[in-house]
Structures are given as C-alpha cells and as structure tokens.
Amino acid sequence: MPKKKKVKDDAPEVVEKAPPPVVKEPIVRIEFKLLNWKFMNFSMLFKEDTYIFTLKRILREKHGKITDLKLCFHAFTESNEVTDEMLTLRDCGIQGYPVGGAASAEERELEERSIPVIQLFYDYKPADEPDPVILFFR
C-alpha cells in the first residue's frame, strides 16, 4: 500500500481589505408642480448631474403623449424657462446636499432633512393625435 502524503496546513492568510471609501453625492429633491392642477404634483430625488431631458422623459411617461412641454425652476416665468435639454441641474444653478455614509438612523434622518427642495413648475399641451381605441368605441 502506498504511503499517504501528509497535508500541510498552509492555508492562505486572510488579508483584510479596507472598505471602499464612501462617496457622498449631492442630492436634490425636486417638487414637480403642474401649473393649473395641483393633484398631479409629486416629488423625487435626483443627483446634481441629472440632465433636463431626464426630467422631461419622466413627465412624458407620467402624462402620456404631450407637446410643448415647458419647465421653469422656482417660478413659472419666461425668464426662468429651461430651454436647453442638455443642461444638468448643476448647470441650472441647483446645488444639492452631499448624502451617503450615514451610520445611524439619526444621521440618515438628518441627511434626509438637509436635502434642498427645489420647485419645478411645468405646463404642457396634450397631443392632438386621436387614439385609435377611443375612435373605435364612438
């Protein structure tokens, strides 16, 4: 019978890696306010580097087929209207609060209360295209 080889106890040493650094990203809460109908108002959290076209896409998904969508920060005036969709929130002068890395529930609650709230007023015109399903039932 062949001799059994002895197994050496050369288990690799476990090297503890340092946790990755916590990245605090500036966050802002945007309150979407439809101009003449407050029942459609809602709010969401966004990073500072969110593009305006992302906000428009969210509104189009919420309201369906719309045209002539106008966005205005702080007040619905022509001077506040955002026309360039490639701007970020930071480019529009909106600054967020860095959030992330809160260890306790109290710290997370404090961070949540520290996030700035920005009002975004919007208005649109419904699309003029007739829906084939509605035409079928007439």
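**Strands, core and surface of a predicted model**

Me: In which sense do strand 1 and strand 2 pair, and over how many bridges?
Reply: In this predicted model, strand 1 covers residues 25-34 and strand 2 covers residues 42-47. One bridge between them joins Phe32 to Phe42. The two strands pair in the antiparallel sense, over 6 bridges.

Me: Which residue is the bridge partner of Pro26 in strand 5?
Reply: Strand 1 also pairs with strand 5, residues 97-99. That pairing is antiparallel and has 3 bridges. The partner of Pro26 there is Pro98.

Me: Do strand 1 and strand 6 run parallel or antiparallel?
Reply: Strand 6 spans residues 117-126 and is joined to strand 1 by 6 bridges. Within this pair, Ile30 stands opposite Ile118. The two strands run parallel.

Me: In what order do the elements of the protein run from the N terminus?
Reply: The protein has 3 helices and 6 strands. Helix 1 takes up residues 52-63, and strand 3 takes up residues 66-73. From the N terminus on, the order is β-β-α-β-β-β-α-β-α.

Me: Which elements give two or more residues to the largest nonpolar core?
Reply: This core has 20 residues, and those touching the most other members are Ile30, Phe32, Phe46, Leu55, Phe73, Leu89 and Tyr122. The elements that give two or more residues to this core are strand 1, strand 2, helix 1, strand 3 and strand 6.

Me: Which residues of strand 6, including the one opposite Ile30, does Phe73 contact?
Reply: Leaving aside neighbours within four places in sequence, the contacts of Phe73 include Ile52, Leu55, Asn80, Val82, Leu89, Cys92 and Ile94. Strand 6 covers residues 117-126, and Ile118 in that strand stands opposite Ile30. From strand 6, Phe73 is in contact with Ile118, Gln119 and Leu120.

Me: Is Phe53 buried, partly exposed or exposed?
Reply: Phe53 lies in helix 1 and helps to make a nonpolar surface patch of about 280 Å² with Tyr51 and Met86. The relative accessible area of Phe53 is 33%. Buried means under 20% and exposed means over 50%, so Phe53, at 33%, is partly exposed.

Me: What share of the residues in the protein is buried?
Reply: The accessible surface of the protein comes to about 11,000 Å², and 54% of that belongs to carbon and sulfur atoms. The protein has 138 residues, and the buried share of them is 24%.

Conventions. Residues are numbered from 1 along each chain as its sequence is written. This is a predicted model: local features need pLDDT of at least 70, side-chain atom pairs count only at pLDDT 80 or more; totals for chains, interfaces and linings use all residues. Side-chain values use heavy atoms; hydrogens and water are left out. Helices (H or I, at least four residues) and strands (E, at least two) are DSSP runs, numbered from the N terminus. Buried means under 20% relative accessible area, exposed over 50%, partly exposed in between (1.4 Å probe, protein chains only). Accessible areas come from the Shrake-Rupley method with a 1.4 Å probe; for residues, only the protein chains shown count as cover. Patches are made of residues with over 30% relative accessible area and no salt bridge: like charges are joined within 9 Å, nonpolar side chains (Val, Leu, Ile, Met, Phe, Trp, Tyr) within 5 Å. A salt bridge is a side-chain nitrogen of Lys or Arg within 4 Å of a carboxyl oxygen of Asp or Glu. Two strands pair if DSSP finds at least two bridges between them. A nonpolar core is a set of buried Ala, Val, Leu, Ile, Met, Phe, Trp, Tyr and Cys residues joined through side-chain atoms within 4.5 Å. Contact means heavy atoms within 4.5 Å.
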